[in-house]
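The following paragraphs lead the reader through one protein chain, beginning with a detail of its backbone and moving outward to the whole.

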Amino acid sequence: EDARCGSGAIWPLPGRPLVSTRERMEMCRPAPPPFTPTLASGDGRVRAFVVLLDSAEWRLVRFLQAREELPTLSFMEATGVSGPINSNPPFTAAALKTILFPRSQGEASVLSLMHGLGREIEGLNFIGANPLASLRWLLPQERDLLETLGAGDRRIAGLLRSFGSLESGRKAEIVGPGGRHELLEGFSGSRSLRDDERQEFFAHTTMDSTAQGLLREMAADFDTLDHLVEKREVDLVLLRVASMDVMTHTFLLSTNRPDQNPSDDFLLSAYRYADRRLGDLYSNLDGDDVLIVLSDHGAKTALQHEESAIFFVAGGQVPHQTLVGDPSIRGLGRLLADLWNLDLDLPSTGLESWLTDSEGQLSSEKSNPPVVD
């Protein structure tokens, strides 16, 4: 604990006093307790919850794990499958297209590139609309992953912001069963932080309006996830926490500022908050449900993206393994199809290799929490 609380980065500057280790320790919050959920027994129905933390970076995750400050992701790594995955090119719109249209690899034209640029602009949470959307009707059409998985008897909720009927984070598209389309309404794209949530951020009294607005969006996203878990009306949720992208571009430099203290850094506190909300979500799953946490790309600097993205999956019959090789994010659709034993023509990248043993059956090896009735 002393080593954790005394850690940080110091650059001595002329005329400025140093922040002593003792002062750091006085400002340090205790590390959260280990995450040890006890899940309700399964009902034979496999539900999957995919949480895409936009721009989440492996190096920040590893740093906070070393400080024992991300107990949920550490639990998922210790009991499930994890490792870096490849997202190339490392841009949000490209990653979302890769996930939702996994068969379209290598297909490009001037029109598709222009439409893709519009999707990247649309992905900004303060834009919310593709200015080049009309070009879509000039491009070859195919069913996206939501329509493919929702063609059967399952209901799929798409909350990826840049696709489907989602409008600025306030409406989400439900696909299925039988390919039916409807809007999921009645949830908010933003809400005020509770006092206990504010206490999770050292700088809560001095957060500017940008930081507060992004946290309100993140809180509302996780509220929506909690609601969908509790209602049990959908089989798959794909939700993108878009606010983390703007947080990264705006606040990543703060993690290297002079007299940096990890305990009061805003971006690192946002990672801790996301981890805590993921833990709350996981605790409400049952023994058959699966939680998948990934990013669309990482962040080398505040302005430069990283091709390596994070990936964690745990729950259900997920074994304890580390991803091998350099699996592409493109394989997420195949992973979900294999999770439900659906025979779909979706590309394999190795992301789903842990799902089957040599005889094509889901591995029974796992190290998951106890299940109670």
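Ser-55 is placed in the loop that runs between β2 and α3. In this predicted model, the phi angle of Ser-55 is near 75°, a positive value in a residue that is not glycine. Most residues other than glycine have a negative phi, and most peptide bonds are trans. Is Ser-55 buried or exposed? Its relative accessibility is 1%, and because buried means under 20%, Ser-55 counts as buried.

A second positive phi in a residue other than glycine is that of Arg-232, with a value near 60°. Arg-232 belongs to the loop between α9 (209-231) and β8. Its relative accessibility of 30% falls between the cut-offs of 20% and 50%, so Arg-232 counts as partly exposed.

The peptide bonds offer further departures from the usual geometry. Asn-88 and Pro-89 are joined by a cis peptide bond whose omega is about 5°. Pro-89 sits in the loop between β4 (85-86) and α5 (92-100). Another cis bond leads from Gly-176 to Pro-177, with omega near -5°, and Pro-177 is located in the loop between β6 and β7.

That loop belongs to a hairpin: β6 and β7 are separated by five residues, and in the turn Gly-176 has a positive phi of about 100°. Gly-176 thus carries a positive phi and also precedes the cis bond to Pro-177. The two strands of the hairpin, β6 (residues 172-175) and β7, pair in the antiparallel sense over four bridges. Val-175 has His-181 in β7 as its bridge partner.

The hairpin is part of a wider arrangement. How many strands does the open sheet have, and in what order? There are nine, in the order β7-β6-β5-β8-β2-β9-β13-β3-β14, and their pairing is mixed. The edges are formed by β7 (181-184) and β14 (321-322), each of which pairs on one side only. At the β14 edge, β3 (residues 81-82) is the partner, and the two strands pair in the parallel sense over two bridges. Within this pair, Ser-82 is bridged to Thr-322 of β14. In a regular strand the side chains alternate between the two faces of the sheet.

Helices also meet the sheet and one another. Helix α12 (residues 332-339) lies across β2 (48-53), β8 (236-241), β9 (290-294) and β13 (311-315), and runs at about 175° to β9.

Two packed helices are described by the angle between their axes and the distance between the axes. For α3 (residues 58-66) and α4 (residues 71-79), the angle is about 95° and the axes are 9 Å apart. Because an angle of 65 to 115 degrees counts as roughly perpendicular, α3 is roughly perpendicular to α4. On the α3 side the contact involves Val-61, Arg-62 and Gln-65, which meet Leu-73, Ser-74 and Glu-77 in α4. The residues of this contact divide into two nonpolar, two polar and two charged.

Finally, the chain may be viewed as a whole. Its secondary structure amounts to twelve helices and 15 strands. Of the 373 residues in the chain, 53% are buried. Among contacts with a separation of 6 or more, 74% are made by residues 24 or more positions apart. The accessible surface comes to about 16400 Å², and carbon and sulfur atoms account for 53% of that surface.

Definitions and conventions
Residues numbered from 1 in each chain as written. Predicted model: local features only at pLDDT ≥ 70, side-chain atom pairs only at ≥ 80, totals over all residues. Heavy atoms only, no water. Pairing = 2+ DSSP bridges. Contact = heavy atoms within 4.5 Å. Axes fitted to C-alpha atoms, helices over the stretch in contact; angles between N-to-C directions. Buried < 20%, exposed > 50% of the residue type's maximum accessible area, 1.4 Å probe, protein only. Areas by Shrake-Rupley, 256 points an atom, 1.4 Å probe, with all protein chains shown as cover. Parallel < 35°, antiparallel > 145°, perpendicular 65-115°, else oblique. Nonpolar A, V, L, I, M, F, W, Y, C, P; charged D, E, K, R; others polar.
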